[in-house]
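Here's a quick walk through the model below. Have a look at it, then read on.

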Amino acid sequence: MDILTDIFGNLANIDPKQVIMWIIGGVLIFLAIKKEMEPTLLLPMGFGAILVNLPIPDPAVTGEVSGVRAVIDFLFEIGIDSHELFPLILFIGIGAMIDFEPVLTNPKLMIFGAAAQFGIFFTLCLSSMFGFELKDAASIAIIGAADGPTSIFVANMLNSNYTAAIMVAAYSYMALVPIVQPPIIKLCTTKKERLIRMNYTGKKVSKLTKILFPIVVTIIVGMVAPDATALIGFLMFGNLIRECGVLNSLSETAQNVLANLITIFLGFTIASKMVAEDFLKLETLLIMGLGLVAFVVDTFGGIMIAKIMNLFTKNKINPMIGAAGISAFPMSARVVHKMGLAEDNQNFLLMHSIGVNVSGQVASVIAGGLILTLVGNALIK
Amino acid sequence: MDTITTTIAEATSAAAGIGFTPNNLAETVPIMGKGMLGIFIVMGIIILCVSGLNRLGTKPKKDKK
């Protein structure tokens with residue numbers, strides 16, 4: 001009997017809440033494998049959620065946090081908590097992946113990227129009305145950036161109490177872009193608008209422009225939104241490696257090996273915050289709902305600015321491309337392109353929507369920086 | 001309108017223990033205004049710079065005589 005107690009004694013430490021977290025972890029793994037929804041992140045997060053919710057001897061009794069929890073906590077401490085290292089390094093990889101040429105040929109597309117950040121600020125107001133502290137409301141709102149590293153960066157900088165729920169919501173909705181956006185786009189546009197064809201001039205952009213673009217953007221954003229300097233700096237550094245033409249090996253490493261390596265650790269590290277007692281709260285459900293609102297209003301904002309521009313321009317814009325400004329790169333651009341083809345199989349919107357999409361990437365970083373600055377100022381007052 | 005707001009507030013509070021406080025808008029709406037204005041200004045500056053860069057990078061064609 002004593003032998004059984006020795007072997008299975010730990011079973012007595014199982015909490016029903018932990019079992020719920022195993023199920024949530026299982027669902028994330030299912031979505032990653034079966035539905036292929038952001039598998040690079042949802043799979044490590046799902047497995048990590050199970051791992052950190054296994055019953056461990058009470059630290060109050062043993063005097064120390066058990067092995068696996070200690071390791072994952074350490075990863076969080078060095079990778080996210082100290083100086084947001086993981087999301088920033090991941091941004092080098094993302095920067096190296098992005099080709100800004102479509103937006104450099106038609107810079108006006110950046111307006112849509114700006115407009116599609118409206119959901120962030122709308123959700124800030126809504127979250128605040130639901131009684132969240134300003135720092136938490138701002139962290140929840142940044143889910144609307146549709147950009148994982150930016151969400152992690154801002155939520156951590158603001159020391160939000162809901163970091164895990166925010167990260168899960170951010171990545172889940174990014175994966176759900178092909179499901180969330182089409183009904184909103186259809187609701188906000190008429191068939192006639194969806195049929196608008198847009199010519200792509202295919203102008204060549206000089207190498208000098210491609211090299212100077214990341215440097216100029218870093219300087220501008222760094223001066224206006226200093227809190228976003230790290231994010232935009234790492235993103236644009238990655239892009240400079242890509243465009244300079246003499247660091248192809250580094251560019252490939254940043255796009256593949258570096259990004260993959262950090263992604264593995266990032267998903268696992270985020271899971272350290274998915275401990276049952278912190279995660280299983282009604283606020284988590286509310287945050288998931290508010291995140292959805294942010295995505296919906298972002299989409300709405302991008303479409304509406306296109307409609308407004310159509311009132312004043314001769315060459316009409318297909319308002320659907322405005323929806324790609326939410327920055328979930330490149331899913332959102334693909335969604336718009338597919339919707340365009342579904343309406344008219346000769347209507348190719350990909351280059352326009354990619355242009356808007358990469359603008360959204362830059363705009364979401366600026367929005368993150370402005371949120372940090374403005375909310376930081378408000379908190380000081 | 002007040003009745004609806006009160007009902008939502010009561011339902012939300014009962015469900016999640018979270019309040020519904022529209023008064024917080026006084027603090028967040030200015031942030032929204034400044035934030036959106038800031039994004040448009042920064043993106044506007046970037047658009048101008050990119051347009052300038054494009055002109056800089058485009059060599060004028062020499063007329064063939």
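## Ground rules

Buried here means under 20% relative accessible area, exposed means over 50%, and partly exposed sits in between. By that yardstick R194(A) is buried, because its relative accessible area is 10%. Keep in mind that this is a predicted model.

## Chain A at a glance

Chain A has 21 helices and 0 strands. Its radius of gyration is 22 Å, close to the 21 Å that the globule rule gives for 381 residues, so chain A is as compact as a globular protein of that length. Along the principal axes, the C-alpha atoms fill a box of roughly 85 × 45 × 45 Å.

How much of chain A is tucked away? Of its 381 residues, 57% count as buried. Take the contacts between residues at least 6 apart in sequence, and 79% of them join residues at least 24 apart. On the outside, the accessible surface of chain A comes to about 15900 Å², with 66% of that belonging to carbon and sulfur atoms.

## Charges and salt bridges

On the charge side, chain A carries 24 positive and 26 negative side chains. The centres of these two sets lie 19 Å apart. Over all chains, the salt bridge count comes to 6.

One of them pairs K210(A) with E101(A), and the closest N and O atoms are 2.8 Å apart. K210(A) belongs to helix α15 (residues 207-224) and E101(A) to helix α7 (residues 101-105), so the pair ties together parts of chain A that are 109 residues apart in sequence. Both K210(A) and E101(A) are buried.

Another salt bridge joins the side chains of K307(A) and E193(A), at 3.2 Å from N to O. Here K307(A) comes from helix α19 (residues 282-312) and E193(A) from helix α14 (residues 191-194), so parts of chain A that are 114 residues apart in sequence get tied together. Are the two partners buried or partly exposed? K307(A) is partly exposed, with a relative accessible area of 22%, while E193(A) counts as buried at 18%.

## The α14 and α20 link

R194(A) and E343(A) also meet through their side chains in a salt bridge, 2.8 Å from N to O. R194(A) sits in helix α14 and E343(A) in helix α20 (residues 331-343), so this pair ties together parts of chain A that are 149 residues apart in sequence. R194(A) is buried at a relative accessible area of 10%, and E343(A) is buried at 17%. The link goes beyond two residues: salt bridges with shared partners join K191(A), R194(A) and E343(A) into one network.

## N318(A), in a loop

N318(A) is in the loop between α19 and α20 of chain A. Loop or not, N318(A) is buried, with a relative accessible area of 0%.

Which residues does N318(A) touch, leaving out those up to four places away in sequence? They are E193(A), R194(A), L195(A), I196(A), M198(A), N347(A) and L349(A). Two of those names are familiar: E193(A) is the salt bridge partner of K307(A), and R194(A) is the partner of E343(A). As for K192(A), 126 residues from N318(A) along the chain, the two C-alpha atoms are separated by 9.4 Å.

## T150(A), in a helix

Over in helix α11 (residues 148-157) of chain A you'll find T150(A). At 0% relative accessibility, T150(A) counts as buried.

If you skip residues up to four places away in sequence, T150(A) touches F91(A), I142(A), A145(A), L231(A), S364(A), V365(A) and G368(A). T150(A) and L88(A) are 62 residues apart in sequence, and their C-alpha atoms are 8.6 Å apart in space.

## C125(A), with contacts in chain B

C125(A) is part of helix α9 (residues 118-129) of chain A. C125(A) is buried, with a relative accessible area of 6%.

So what does C125(A) contact, once neighbours within four places in sequence are set aside? The list reads L25(B), T28(B), V29(B) and M32(B). Going back to the loop residue, C125(A) and N318(A) are 193 residues apart in sequence and 30 Å apart in space, C-alpha to C-alpha.

Key. Residues are numbered from 1 along each chain as its sequence is written. Chains are lettered from A and ligands numbered from 1 in the order in which they are written. This is a predicted model: local features need pLDDT of at least 70, side-chain atom pairs count only at pLDDT 80 or more; totals for chains, interfaces and linings use all residues. Side-chain values use heavy atoms; hydrogens and water are left out. Helices (H or I, at least four residues) and strands (E, at least two) are DSSP runs, numbered from the N terminus. The radius of gyration is taken over C-alpha atoms; the globule rule is 2.2 Å times the number of residues to the power 0.38. Buried means under 20% relative accessible area, exposed over 50%, partly exposed in between (1.4 Å probe, protein chains only). Contact means heavy atoms within 4.5 Å. Accessible areas come from the Shrake-Rupley method with a 1.4 Å probe; for residues, only the protein chains shown count as cover. Lys and Arg count as positive and Asp and Glu as negative; His and the chain ends are not counted. The place of a charge is taken as NZ of Lys, CZ of Arg, CG of Asp or CD of Glu. A salt bridge is a side-chain nitrogen of Lys or Arg within 4 Å of a carboxyl oxygen of Asp or Glu.
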